[in-house]
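The exercises below ask the reader to work through one structure, using the sequence and the coordinates side by side. Each task is followed by a solution that goes step by step.

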Amino acid sequence: MSVSRWRRGLVDALTTEDGDTLLRHTAERAELHLRKGRLVPGRGYASAPAGARRELARLAAVLRLRQRGRFHLHAAGVVAPDGGAWILAGESGNGKSTLAYALARRGWPVLGDDGVLVERTKGGIVARAWREPMQVSIELASEFPELGAARAAVDWSDPRHRVAVLAPGGTASSAPVRALALVRRSSRDALTPASPTDVMAALIRQSPTVLLGGDRAVDQLDTLGTLVTSVPVYRLEHTERQLHVLHRTLTEGAC
Amino acid sequence: MLARYRPVRGALFATLTDGAVVLDVETKKYFTLNDTGAAIWACIRDGLGADAMVAALQREYDVSESDALVAVEALIEALETEQLIEPAEP
């Protein structure tokens, strides 16, 4: 049986073909096993700091859901007024959470600001909620004054000075995917059609579990392929101006 | 005459509207192919030899036999270098 070695943040992982995985937090020397879909604490887990246990549990949840055909994307997901989900993917620091918050202020329910699950169904690709606290940079208070009240809760050790906030437009549990955009901070605003192949490559870069192999690998790749070919895919270059007009940009299909 | 090739174990393939992605879960690498490359990969996967690949490309695209053969040879060389394909059993 082949074993995949992979790494995410401070966690090293060994995954077998049948999906069993050993997750090891390298800094805290804590281990968590995923065996036959069940979580089993390993060495150092009980005494590890809460943050390390949370990181291990998060990855374990990603893997458990993968076994059920629900695949985690490093992306934000928001639901437009027409009921369709927009997935905003992109490298860290390119504004996924910021844009999701901007849309949430306009009443768009949030599926997740740093993660969303996608699942292939008979009706197409459905986006499902990835439940983690929404986090935005306190620097956004200059644009969205209500965030100033959260200043006392900022994690100043975080380079991005993020703070957990409630989604102003509430949350959603699932929605059919309406479109996907690769987001990137820029000096201009532009929403342009993207190549499905380029978008697929970007999603693979952002989703290390795609490369895991095992009995879900084909399904995961097919799901991503169906996603990028069944809905419009775009590149969204954005300036701060989009913080106040993004809802129109996405519903009208142009900046 | 080119030998017949086949994808290596662990190579996954997703066809998209403007190309394809080949994912090697053994090496953790992925590769993007344009639409011509995707067509050639599909021929390799289906066990076609070089002549049949060239014919398939000519049916799908407006290319000469020599251009199609160059494209096939170039991609096969690249895929073999990346260890995504291997010679098939005779």
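A salt bridge is here a side-chain nitrogen of Lys or Arg within 4 Å of a carboxyl oxygen of Asp or Glu. The model is predicted, and the solutions should be read with that in mind.

**Exercise 1. Find the partner with which A:Glu31 forms a salt bridge, and state which parts of chain A the pair ties together.**

Step 1. Searching around the carboxyl group of A:Glu31 leads to A:Arg43, and the closest N and O atoms of the two are 3.3 Å apart, which is within the 4 Å cut-off.

Step 2. A:Glu31 belongs to strand E4 (residues 30–35) of chain A, whereas A:Arg43 sits in the loop between strand E5 (38–41) and helix H1 (50–67), so the salt bridge ties together parts twelve residues apart in sequence.

Step 3. The two partners differ in their surroundings: A:Glu31 is buried, at 7% relative accessibility, while A:Arg43 is exposed, at 61%.

Step 4. For context, the structure holds 21 salt bridges over all chains; among them is the one between A:Asp219 and A:Arg216, with its closest N and O atoms 2.7 Å apart. A:Asp18, A:Asp20 and A:Lys36 are linked in a network of such bridges.

**Exercise 2. Place A:Arg188 in chain A and determine which residues it is in contact with, leaving aside its neighbours within four places in sequence.**

Step 1. A:Arg188 is found in the loop between strand E14 (174–185) and strand E15 (190–193) of chain A, where its relative accessibility of 44% makes it partly exposed.

Step 2. Once the sequence neighbours within four places are set aside, the contacts of A:Arg188 are A:Glu237, A:His238 and A:Thr239.

Step 3. The C-alpha atoms of A:Arg188 and A:His238 are 6.0 Å apart in space, although these residues are 50 apart in sequence.

Step 4. With A:Glu237 the side chain of A:Arg188 meets in a salt bridge of 2.6 Å, N to O. Because A:Glu237 lies in strand E16 (residues 233–238) and A:Arg188 in the loop between E14 and E15, the pair ties together parts of chain A that are 49 residues apart in sequence.

Step 5. A:Glu237 itself is buried, with a relative accessible area of 12%.

**Exercise 3. Is A:His74 buried or exposed, and which side chains does its own side chain join in polar contacts?**

Step 1. A:His74 lies in the loop between strand E6 (71–73) and strand E7 (75–79) of chain A.

Step 2. With a relative accessible area of 8%, A:His74 is buried, as the value falls under the 20% cut-off.

Step 3. Its side chain joins that of A:Asp114 in a polar contact of 3.0 Å, and that of A:Gln206 in another of 2.6 Å.

Step 4. Beyond four places in sequence, the contacts of A:His74 also include A:Arg8, A:Ala89, A:Lys96 and A:Ser207.

**Exercise 4. Decide how far helix H2 of chain A is enclosed, and identify residues that touch the most other members of the largest nonpolar core.**

Step 1. Helix H2 (residues 96–105) has ten residues, and nine of them are buried, so the helix is largely enclosed by the rest of the structure.

Step 2. The buried residues of H2(A) include A:Lys96, A:Leu99 and A:Tyr101; A:Gly107, which follows the helix, has a positive phi near 95°.

Step 3. The largest nonpolar core has 39 residues, of which A:Leu73, A:Met200, A:Leu203 and A:Leu227 touch the most other members. A second, separate core of 34 residues includes A:Leu99 and A:Ile138.

**Exercise 5. Describe the interface of chain B and chain A in terms of its area, its polar contacts and the strands of chain B that supply it.**

Step 1. At this interface 17 residues of chain B are in contact with 20 residues of chain A, and the two chains bury about 1500 Å² between them, 70% of it on carbon and sulfur atoms.

Step 2. On the side of chain B, B:Leu16, B:Lys28 and B:Tyr30 lose the most area to chain A, together 36% of what that side buries.

Step 3. Zero salt bridges are found across the interface, but four residue pairs are in polar contact.

Step 4. Strands E2 (11–16), E3 (19–24) and E4 (29–34) of chain B each supply at least two residues of the side that touches chain A, and the residues of that side divide into ten nonpolar, three polar and four charged.

Key
Residues are numbered from 1 along each chain as its sequence is written. Chains are lettered from A and ligands numbered from 1 in the order in which they are written. This is a predicted model: local features need pLDDT of at least 70, side-chain atom pairs count only at pLDDT 80 or more; totals for chains, interfaces and linings use all residues. Side-chain values use heavy atoms; hydrogens and water are left out. A nonpolar core is a set of buried Ala, Val, Leu, Ile, Met, Phe, Trp, Tyr and Cys residues joined through side-chain atoms within 4.5 Å. Buried means under 20% relative accessible area, exposed over 50%, partly exposed in between (1.4 Å probe, protein chains only). Contact means heavy atoms within 4.5 Å. Buried area is the accessible area (1.4 Å probe) that two parts lose on being put together, summed over both. A polar contact is a pair of N or O atoms within 3.5 Å; within protein, one must be able to donate a hydrogen and the other to accept it, and residues adjacent in sequence count only if both atoms are side-chain atoms. Ala, Val, Leu, Ile, Met, Phe, Trp, Tyr, Cys and Pro count as nonpolar, Asp, Glu, Lys and Arg as charged, and the others, Gly among them, as polar.
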